[in-house]
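Here is a short tour of the fold, starting with the sheet and ending with a group of aromatic side chains. Keep the viewer open as you read.

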Amino acid sequence: MTQIVPVSRTSSTNRGSQKVDVWLKTNKRMSLVANGDFIVSGEEGVLSNISNLLQMAKQTIVITAARIDSTLEQEIVDAGKNGVRVYVLLAEEGFDAWLKGDFKDLAEHVLCRRSSQGIPSLILIDGETPNAQGILLQSGTALDRSLRVEGAAWGLHLNNEQSSQLAHYVSWLFWSSTGSRSETRCAKHLKAPQDTKPLQASLV
C-alpha cells in the first residue's frame, strides 16, 4: 500500500510546452484529518470504529494484523460468547508474541494462525454474507494500544462489495499458512483438523 507522506510544492519547471509542479517530501509532521470513510487513530477514531464493527458481527470476524494485544479483548470475547467465529492471522513476530503473552481469555474464543507471508492490516465481519463490512488499516498497523494515539495511523471503511471480495483473499491467506506451531485453537476447535465451519478458501 502506498504510504502517505507530507509534501509541499517547492517550484515549477517548464518542460517544453508543459508546466510541471515539483513536489518534495518535507520534515513536517503529517496531519491526518478524518473525512467520510477515511478515519484516523485515536480514542474516538479508528479504535472506536473497530470496536463498533466488532460488536455488529453476527457470524464471523476475521482480523489480519502485524500483532495484537488486549486493547479490543472485550469486544472479541463478547463476540465469541455470542457464537461469532473469530479468526486472527498474525505476522510471524506478532504470533510469537501471542504464544508468549497472557492471552488466555482471548485465546479461548479465537482460532489464531501465523502467516507465512505478508498480510494486510484488516478487520472484516460477516465476509461471506450480504452484510459484509470491514476496515482496511494503514499497512503494517498493529491492532493494539498504539491505535489510541492521535494521528499515528489511518484506516478506511470498506463497503459491502469491497469487503466480500477481500474476504475470499483473506480466507485463502488464512488457510494457506504453513510452518511449525502455526496456530492455536480454542476448545471448540480441538477435535477437528479444520474449523467446523471454515471460511470458503477460494479465489475469485
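Two strands are taken to pair if DSSP finds at least two bridges between them. The model you are looking at is predicted, and in it eight strands form an open sheet with mixed pairing. Read across the sheet, the strand order is 3-9-8-7-4-5-6-10. Strand 3 (38-40) and strand 10 (183-184) are the edge strands, each pairing on one side only. Strands of a sheet pair through backbone hydrogen bonds, either parallel or antiparallel. At one edge, strand 3 and strand 9 run in the antiparallel sense, joined over three bridges. Within that region, V40 stands opposite W154 of strand 9.

**The nonpolar cores**

The largest nonpolar core has 32 residues, and the members that touch the most others are I50, I61, I76, W98, I123 and L143. At least two residues of this core come from each of helix 1 (46-56), strand 4, helix 2 (73-81), strand 5, helix 3 (92-100), strand 6, strand 7 and strand 8. Helix 1 gives the most, with five residues.

I61 is a good place to look at the packing. Leaving aside neighbours within four places in sequence, I61 is in contact with L54, A79, V84, R85, V86, Y87, L124 and I125. There is also a second, separate core of 14 residues, which includes Y87, L122, V170 and L173.

**Helix 5 and what covers it**

Does the length of helix 5 match its residue count, and what span should its 16 residues have? At 1.5 Å a residue, helix 5 (residues 160-175) should span 22 Å, and its end C-alpha atoms are 23 Å apart, which agrees. At the start of the helix, a side-chain oxygen of N159 reaches to within 3.2 Å of the backbone nitrogen of E161.

The buried residues of helix 5 are S163, A167, H168, V170, S171, L173, F174 and W175. Their cover includes strand 4 (60-65), strand 5 (85-90), strand 6 (110-114), strand 7 (122-125), strand 8 (133-137) and strand 9 (154-158).

Take S163, which is found in helix 5. At 1% relative accessibility, S163 counts as buried, because the cut-off for buried is under 20%. Apart from its neighbours within four places in sequence, S163 is in contact with L124, A132, Q133, G134 and L158.

**An aromatic cluster**

The structure holds six aromatic pairs. A pair of aromatic rings is described by the distance of the centres and the angle of the planes. Two of the pairs involve Y87 and are set out here.

| Pair | Centre to centre | Angle between planes | Geometry |
|---|---|---|---|
| Y87 and F174 | 5.4 Å | 90 degrees | edge-to-face |
| Y87 and W175 | 6.2 Å | 75 degrees | edge-to-face |

Y87 lies in strand 5 and F174 in helix 5, so their pair ties together parts that are 87 residues apart in sequence. For Y87 and W175, the latter also in helix 5, the parts tied together are 88 residues apart in sequence.

How buried or exposed are these rings? Y87 is buried, with a relative accessible area of 1%, and F174 is buried, with a relative accessible area of 1%. W175 is buried as well. Together, Y87, F174 and W175 form one aromatic cluster, with Y87 also among the members of the second core.

Methods: Residues numbered from 1 in each chain as written. Predicted model: local features only at pLDDT ≥ 70, side-chain atom pairs only at ≥ 80, totals over all residues. Heavy atoms only, no water. Helix = DSSP H or I, 4+ residues; strand = E, 2+ residues; numbered from the N terminus. Expected span 1.5 Å × (residues − 1). Buried < 20%, exposed > 50% of the residue type's maximum accessible area, 1.4 Å probe, protein only. Contact = heavy atoms within 4.5 Å. Polar contact = N/O pair within 3.5 Å; in protein donor to acceptor, adjacent residues only side chain to side chain. Core = buried A, V, L, I, M, F, W, Y, C linked by side-chain atoms within 4.5 Å. Phe/Tyr/Trp six-rings, centres within 6.5 Å; stacked < 30°, edge-to-face > 60°.
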